[in-house]
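Reader: I'd love a close look at one single residue and its surroundings in this model. Could you walk me through what its side chain meets?

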Amino acid sequence: MSAEAGGPPTYERERSVPVPEVSPVPGVSPVPGVSPVPGVSPGAPRTGPTVADLGEFPVIDRAVAGRRQPPTTLVGPGHDAALVAAADGRVAVSTDMLVEGRHFRLDWSTPHEVGRKAVAQNGADVAAMGARPTAFLVGLGCPPDTPVGVLDGVSAGIGEAAEALGAGVVGGDLVQASQLIIAVTVLGDLGGNAPLLRSAARPGDIVALAGSTGRSAAGLAVLTAGLAGHPDLVAAHKVPSPPYAAGPAAAAAGAHAATDISDGLLADLGHIAAASGVAIDVARELLEPGPGLRSAAADLGADVWEWVLTGGEDHALAACFPPDAPLPTGWRPVGTVRAGGGVTVDGHDRPGPGGWQSFSR
């Protein structure tokens, strides 16, 4: 099981407010004359049947109807279990959960966006192992008065994101819960490559990054502040875009170790350092923030490096390559592996946590 994907304690605190009076998303207001529905965004369905009206199996039928399955799905939904081909003889497996109010808010994200995010954070985990996602299983929990349209949106987002990866949604479960909960398990195919582990980095390796860091954290800060503008950063927070193909490419190129950046760059590199018994030094000059990040930081009076170095949920990939190995397309060097322990920035310890900690107060 993978570590919990990042998400700030702000979500948890605001969960104690059951119904927001006004949507915090700039330019979006509650429908006049209609009372907000707890757990439902202003743009989400407010009318029509609820999950309790239809019942468990009709709702499940709506989720799976018309979904395309790849050739690797030998037996799909509708049976006690699915059957998925594993030509490699090994299967990479990872599980993550998203809890409403903790990892997403439906007054900020549409159900469709939440579904896509669920696939992204799971698909990135197997990509970090050097595998290609082949199948997803989805567990959904929700209150009985949840509009069916909300689950339709979540299911559509999950299904479309999975199909775009060439993977199938092959099964799952639906249960009653006090809030919307999405648990996704992903299966991945290593394609004959050795798995990329956190425990195999070596002194002298080049630390490289595929994708970007800090954009999701910046988008969250923009949303929390109710700041207008920076739609690209907001979009990066709502729906991450992991560089899925970069994981298998790193494995094929001989990378020693890799990880998904879900909790923050320093935190996740710290997992590699601890598991491998090495030290990792990150060079800030190789992580120069883009103009969009600097602009948002200026607008919010924030430290842009806090986002870049410790912000989670971008689901970029970091890997440690032999010093003489050419980096595959999409990878760029950001640091080095040395003898010792821990993670430093420009040769110095950085105070404070390196990223998100699930049970921090």
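**A close look at D281**

Author: With a relative accessible area of 8%, D281 is buried, since that value falls under the 20% cut-off. Bear in mind that this is a predicted model. D281 sits in strand β9, which covers residues 279–282.

Happily, there is plenty to see around this side chain. Let's begin with its charged partner: the side chains of D281 and R338 form a salt bridge, at 3.6 Å from N to O. R338 belongs to strand β11 (residues 331–338) and D281 to strand β9, so the pair ties together parts that are 57 residues apart in sequence. The two partners differ in cover: D281 is buried at 8%, whereas R338 is partly exposed, with a relative accessible area of 44%. As a general point, side chains of opposite charge can pair when their charged atoms come close.

Next come the polar contacts. The D281 side chain makes one with the side chain of T344, at 2.6 Å. The D281 side chain also reaches the backbone nitrogen of D346, at 3.4 Å. Setting aside neighbours within four places in sequence, the residues in contact with D281 are V334, G335, T336, R338, T344, V345, D346, G347 and H348.

For the wider setting, the chain has 11 helices and 12 strands, and buried residues account for 50% of its 361 residues. The whole structure holds 10 salt bridges. Another of them joins the side chains of R132 and D189, at 3.9 Å from N to O; this pair links strand β4 (residues 132–142) with strand β6 (residues 181–189), across 57 residues.

Conventions:
Residues numbered from 1 in each chain as written. Predicted model: local features only at pLDDT ≥ 70, side-chain atom pairs only at ≥ 80, totals over all residues. Heavy atoms only, no water. Helix = DSSP H or I, 4+ residues; strand = E, 2+ residues; numbered from the N terminus. Buried < 20%, exposed > 50% of the residue type's maximum accessible area, 1.4 Å probe, protein only. Polar contact = N/O pair within 3.5 Å; in protein donor to acceptor, adjacent residues only side chain to side chain. Contact = heavy atoms within 4.5 Å. Salt bridge = Lys/Arg side-chain N within 4 Å of Asp/Glu carboxyl O.
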